[in-house]
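Please open the model in your viewer and keep the sequence panel beside it. The stops below say what to select next and what is there.

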Amino acid sequence: MEGTGMINGSPIHQESRKLWQYLASISACLLVVGIGTALAWTSPVLPQLYKPTSFMVLSQDQGSWVSSLLALGAMGGALPAGAMADKLGRKKSLLLLAAPFLLSWLIILVASQYWLIYIARFLVGLGVGAGCVLGPTYINEISEVSTRGTLGAMFQLFLTVGIFLAFVLGSVLSYTIFALVCALIIVAFVASFYWMPESPVWLVGKMRKQDASMAMSVLRGDVYDPGEELEEMQRDADENAGKNTSFLDMLKSRPDRKAMLASFGMMFFQQASGVNAVIFYTVMIFEASGSSMAPELASILVALVQLVMSGVAALIVDRAGRKPLLMISTSVMSVSLVALGFYFRQKASNSDVSSLGWLPLTSLILFMVAFSIGLGPVPWMLMGELFSAETKALASSVAVTLNWFMVFLVTKSFPAMNLNLGTDATFWIFAVIMAGATAFTQFLVPETKGKSYNEILAELEGEHRPIKAVP
């Protein structure tokens, strides 16, 4: 029967077996909610801090640094995160990330000078960058093959929960209360994740097989026999024992090169789409467009659509596959950006755009829908799926560092591009990049749906092995 298996002649229900995988992933993703609120904090707050009546008045240039310093911090946090996770464990490393988040919100609560906000944004960036490495790694390592896609999509889903909360709370709460609520989200993460199991993959690698077996009994249920799965983990650990893989070693390996090209390429395209510029500057984009809808309300609607569609992606990614979702996502995003650029071109040429007031909102919603079902969640999944246990930490650190370098580059240059090239040309540049992403996906990204790492490795090596049925 579908949805059940047999252990010692007794049926087990797959959903109950997977319960703790979901609970542990959701608990880890409370930190990801904190990442989302940190990311989107600038959208409702910066317009307030630009006003002459604000308790702290920022210039446009200072505001761009407030937005982009998070990305610089994230690069600094991502690089050592893999080594920290290998040394201390996935769980302990994730719990330690609460420190830079809480310190950042404390500084924002007491800040009276702009440079204090600079420090706070860089600090939270350290936690954001490390969290983007450790979160997907932990979730991937506690998941069985049949749940890996859905649980992997939770990272993007909970990221959008945080962004949506920031847009809503930032529009109704004061500066101080907003920061306090953001800090409480991190407290909730620590309170729940403290009780979750460590990654059994890491425990096996540290020769703690009994602890790994206990973790597996939690993650798979008492009636599940983890012997075969643990033996596969042990074989992988034995093969990689004593190896100290460098980035140069990975470049010399054909499967690692292909994995890096696919993973790093999609991380590049994820941010080269301009998505974080849209998130950081949503309110200002709508103010500039002259749309009939209140900018704050429009930004909340865009974030809500992103949240809902990220949930849809989590439900369909194990059915639809990674490549089809990526190709649909990037091609629709390209069309949306062309339409957005068209609106701003008409506006810049002093044409009557009163009948096109719906276009900016519609284009951005379509852009977010497309991003949320493919280019948002799938690169994070590929980062966890394409690399072996020995290379995953290093590759993830480099992939996330590249991702946040692109965030910094796009968010810092977006205002200047608008000013010097025009908003229309800026969005058209992003549109061309997305068309390139569609072609890149077709030719250079392998399909990983329903495949074990050994099957993915065989494809990267150019071999063909039969794919086992996933229960």
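The structure holds 8 salt bridges, a salt bridge being a side-chain nitrogen of Lys or Arg within 4 Å of a carboxyl oxygen of Asp or Glu. This is a predicted model, in which local features need pLDDT of at least 70 and side-chain atom pairs count only at pLDDT 80 or more, while totals for chains, interfaces and linings use all residues. Residues are numbered from 1 along each chain as its sequence is written, and side-chain values use heavy atoms, with hydrogens and water left out.

**Charged pairs**

Select R90 and E141, whose side chains meet in a salt bridge at 2.8 Å, N to O. This pair links distant parts of the chain, since R90 belongs to helix α5 (residues 90-96) and E141 to helix α7 (residues 114-142), 51 residues apart; helices here are DSSP runs (H or I, at least four residues), numbered from the N terminus. Both R90 and E141 are buried, where buried means under 20% relative accessible area, exposed over 50% and partly exposed in between (1.4 Å probe, protein chains only).

Move next to R322 and E385, which form a salt bridge at 2.5 Å, N to O. Here too the pair links distant parts of the chain, with R322 in helix α18 and E385 in helix α20 (residues 378-385), 63 residues apart. R322 counts as buried because its relative accessibility is 0%, and E385 counts as buried because its value is 4%. Now add D86 to the view: salt bridges that share partners join D86, R90 and E141 into one network.

A further pair to select is E229 and R220, whose side chains meet in a salt bridge at 2.6 Å, N to O. Both E229 and R220 are buried.

**Helix α11**

R220 leads to helix α11, so select residues 209-220. The 12 residues of α11 reach 16 Å from the first C-alpha to the last, close to the 16 Å expected at 1.5 Å a residue, the expected span being 1.5 Å times one less than the number of residues. Which residues of α11 are buried? They are A212, A215, M216, L219 and R220. Viewed down the axis of α11, these buried residues fall within an arc of 115 degrees, so they line one face of the helix; the arc is that of the directions from the helix axis to the C-beta atoms. An α-helix has 3.6 residues a turn, so residues three or four places apart point the same way. On the face turned away from the buried side, look for the exposed residues Q210 and M214. α11 is followed by G221, whose phi is positive, near 95 degrees.

**A nonpolar patch and helix α9**

Turn to the surface and select L102, I177, L180, L184 and V187, which make a nonpolar patch of about 400 Å². Patches are made of residues with over 30% relative accessible area and no salt bridge, with like charges joined within 9 Å and nonpolar side chains (Val, Leu, Ile, Met, Phe, Trp, Tyr) within 5 Å; accessible areas come from the Shrake-Rupley method with a 1.4 Å probe, and for residues only the protein chains shown count as cover. Helix α9 (residues 175-193) supplies the largest share of the patch, 4 residues. L180 lies in α9 and is partly exposed, with a relative accessible area of 41%.

**Buried positions and their contacts**

Select L326 in helix α18 (residues 322-348), which is buried at a relative accessible area of 0%. Leaving aside neighbours within four places in sequence, L326 is in contact (heavy atoms within 4.5 Å) with M266, G374, L375, V378, P379, L382, T441 and V445. The C-alpha atoms of L326 and A437 are separated by 8.6 Å, although the two are 111 residues apart along the chain.

Go on to S397 in helix α21 (residues 389-421), which counts as buried at 2% relative accessibility. Apart from neighbours within four places in sequence, S397 is in contact with A78, L79, A81, G82 and V133.

K18, in the loop between α1 (14-17) and α2 (19-40), counts as buried at 8% relative accessibility. Beyond neighbours within four places in sequence, K18 is in contact with E144, S146 and T147.

**Helix α23**

End at helix α23 (residues 453-461), where E455, I456, A458 and L460 are the buried residues. They pack against α8 (145-172), α14 (254-272) and α20. Just after α23, G462 takes a positive phi of about 90 degrees.

How values were computed:
Helices (H or I, at least four residues) and strands (E, at least two) are DSSP runs, numbered from the N terminus.
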